[in-house]
Each structure stands twice: as C-alpha cells, then as structure tokens.
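Morning, everyone. I have one structure to walk through today. Have a look at it first, then I'll talk.

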Amino acid sequence: VMLNMVVFILCVIIYLKTKKKNHKPAFVFIGVLSFFDMLVGSLAFLDTLSPHYILDTKWKMQDLPIGMECRVASLCGFFIQSASLYTLLALTVDRYIFIKKPLHYPLIMTRSRTWLLLIIALLITILETILAGFASDVSTKP
C-alpha cells in the first residue's frame with residue numbers, strides 16, 4: 001500500500017511540474033482514472049492482507065447494527081469501482097471525439113466540458129451507489 005501511495009504522489013508531483021505541457025483533457029481523465037485505480041488497488045491489497053482489516057479497525061468501535069459493516073464496506077468498494085468505470089467511459093468519449101472530429105476537438109472539449117464530463121460520471125456513480133444501497137437493504141430484510 002505504501003509503495004502504491006508513493007508512486008501515486010510522485011505521479012501527481014510530475015504532473016504538477018509539467019502542467020503547462022499537459023493541458024489536454026485526456027491527461028485530466030487519465031489522472032482521475034489513476035486515482036480511482038490506486039484506490040481499487042489499495043482496497044484489493046488490504047483485502048488480501050487481512051479480509052477484515054478495515055472493518056476491525058474502524059467500524060467495531062461504534063455500535064452499528066449487525067451486517068452494517070459488510071454493507072458499508074461493499075458499498076465503498078462498489079463506489080470506487082464504479083467511479084473508475086465511469087471515468088474510463090468519459091475518457092473513451094473524449095478519445096472518440098478526438099478521433100472522429102480532430103479539427104473541432106479543441107472547440108468541443110474545452111476545460112469546462114472536460115470537468116463537466118467528470119462531474120456527470122461522479123454523479124452517476126453516486127446515484128448508482130445509492131440505488132445499490134437501497135437494493136441491498138431491501139434484499140436483506142427477512
């Protein structure tokens with residue numbers, strides 16, 4: 001986990017140092033995608049290291065109903081994986097526009113539209129996670 005974090009921080013530092021050169025929308029999408037993929041990798045590593053590591057350290061200190069820890073942990077994993085997927089979808093839309101309309105690409109994919117695509121991807125992820133939370137709540141009732 002520590003190596004993963006160090007590599008991510010170094011990538012952010014390199015990006016910030018070369019920010020004037022990397023002003024294209026694809027670099028923004030790739031940066032956000034690498035952040036979510038780093039979170040997916042960290043959760044997978046922690047789960048491999050100790051399956052109940054996160055639950056034992058944080059959630060056992062509070063009085064939560066039985067089964068709530070598992071639901072929260074699975075929804076967090078679902079959120080991070082969905083955010084990674086929808087960020088990849090936004091990157092795919094960006095590359096599609098770049099290939100199909102190369103001369104109009106700078107006019108179509110402005111900085112605000114790039115961030116709008118990322119915000120839409122995040123909102124879809126939040127909505128999907130909320131719906132998954134309600135669906136798991138309904139399915140666990142006796």
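I'll start with the overall fold, then go through a few residues and their surroundings.

First, a caution: this is a predicted model. Please keep that in mind for every number I quote.

So, the fold. The protein holds 6 helices and 0 strands. Along the sequence, the pattern reads α-α-α-α-α-α. How much of the protein is buried? Of the 142 residues, 23% are buried. The accessible surface comes to about 10,300 Å². Carbon and sulfur atoms account for 74% of that surface.

What about contacts along the chain? Take those between residues at least 6 apart in sequence: 77% of them join residues at least 24 apart.

Let me give you two examples of residues that are separated in sequence. Start with Val7, in helix α1, which covers residues 2-17. Val7 and Met38 are 31 residues apart in sequence. In space, their C-alpha atoms are 9.5 Å apart. Val7 is partly exposed, because its relative accessibility is 43%, between the 20% and 50% cut-offs.

The second example is Leu118, in helix α6. Its partner here is Leu91, 27 residues away in sequence. C-alpha to C-alpha, Leu118 and Leu91 are 9.1 Å apart. Is Leu118 buried or exposed? Leu118 has 10% relative accessibility, so it counts as buried. Which residues does Leu118 touch, leaving aside neighbours within four places in sequence? The answer is Val28, Phe29, Val32 and Thr87.

Stay with helix α6 for a moment. It runs over residues 111-139, and Ile130 is in it. Ile130 is partly exposed, since its relative accessible area is 44%. It also belongs to a nonpolar patch on the surface. Who else is in that patch? The other members are Trp115, Ile119, Leu122, Leu123, Ile126, Leu127, Leu131 and Phe134. Together, the patch residues have about 890 Å² of accessible area.

Now over to helix α4, residues 68-100. Ser82 lies there. With 6% relative accessibility, Ser82 counts as buried; the cut-off is 20%. Set aside the neighbours within four places in sequence, and Ser82 is in contact with Thr125 and Glu128.

Next, the charged side chains. How many salt bridges are there? The count comes to 1. Asp94 and Arg95 form a salt bridge through their side chains, at 3.1 Å, N to O. Now look at the accessibility of each partner. Asp94 has a relative accessible area of 0%, so it is buried. Arg95 is at 31% relative accessibility, so it counts as partly exposed.

Arg95 has another neighbour to show you. Its charged end sits over the ring of Phe98. The distance to the ring centre is 4.5 Å. So Arg95 gives us two links: the salt bridge with Asp94, and the placement over the ring of Phe98.

That ring takes us to the aromatics. The structure holds 2 aromatic pairs. Phe98 and Tyr105 form an aromatic pair, and the geometry is edge-to-face. The centres are 5.0 Å apart, with 85° between the planes. Why edge-to-face? Because the angle of 85° is over the 60 degree cut-off. Here, too, look at accessibility. Phe98 is partly exposed, because its relative accessible area is 37%. Tyr105 is at 8%, so it is buried.

To recap this last stretch, please follow the chain of partners on the screen. Asp94 meets Arg95 in the salt bridge. The charged end of Arg95 sits over Phe98. Phe98 then pairs with Tyr105.

And a last reminder on the whole picture: 6 helices, 0 strands, in a predicted model. That's it from me.

Methods: Residues are numbered from 1 along each chain as its sequence is written. This is a predicted model: local features need pLDDT of at least 70, side-chain atom pairs count only at pLDDT 80 or more; totals for chains, interfaces and linings use all residues. Side-chain values use heavy atoms; hydrogens and water are left out. Helices (H or I, at least four residues) and strands (E, at least two) are DSSP runs, numbered from the N terminus. Buried means under 20% relative accessible area, exposed over 50%, partly exposed in between (1.4 Å probe, protein chains only). Contact means heavy atoms within 4.5 Å. Patches are made of residues with over 30% relative accessible area and no salt bridge: like charges are joined within 9 Å, nonpolar side chains (Val, Leu, Ile, Met, Phe, Trp, Tyr) within 5 Å. Accessible areas come from the Shrake-Rupley method with a 1.4 Å probe; for residues, only the protein chains shown count as cover. A salt bridge is a side-chain nitrogen of Lys or Arg within 4 Å of a carboxyl oxygen of Asp or Glu. Rings of Phe, Tyr and Trp (its six-membered ring) pair if their centres lie within 6.5 Å; planes under 30 degrees apart count as stacked, over 60 as edge-to-face and the rest as tilted. A charge sits over a ring if NZ of Lys or CZ of Arg is within 6 Å of the ring centre and within 35 degrees of the ring normal.
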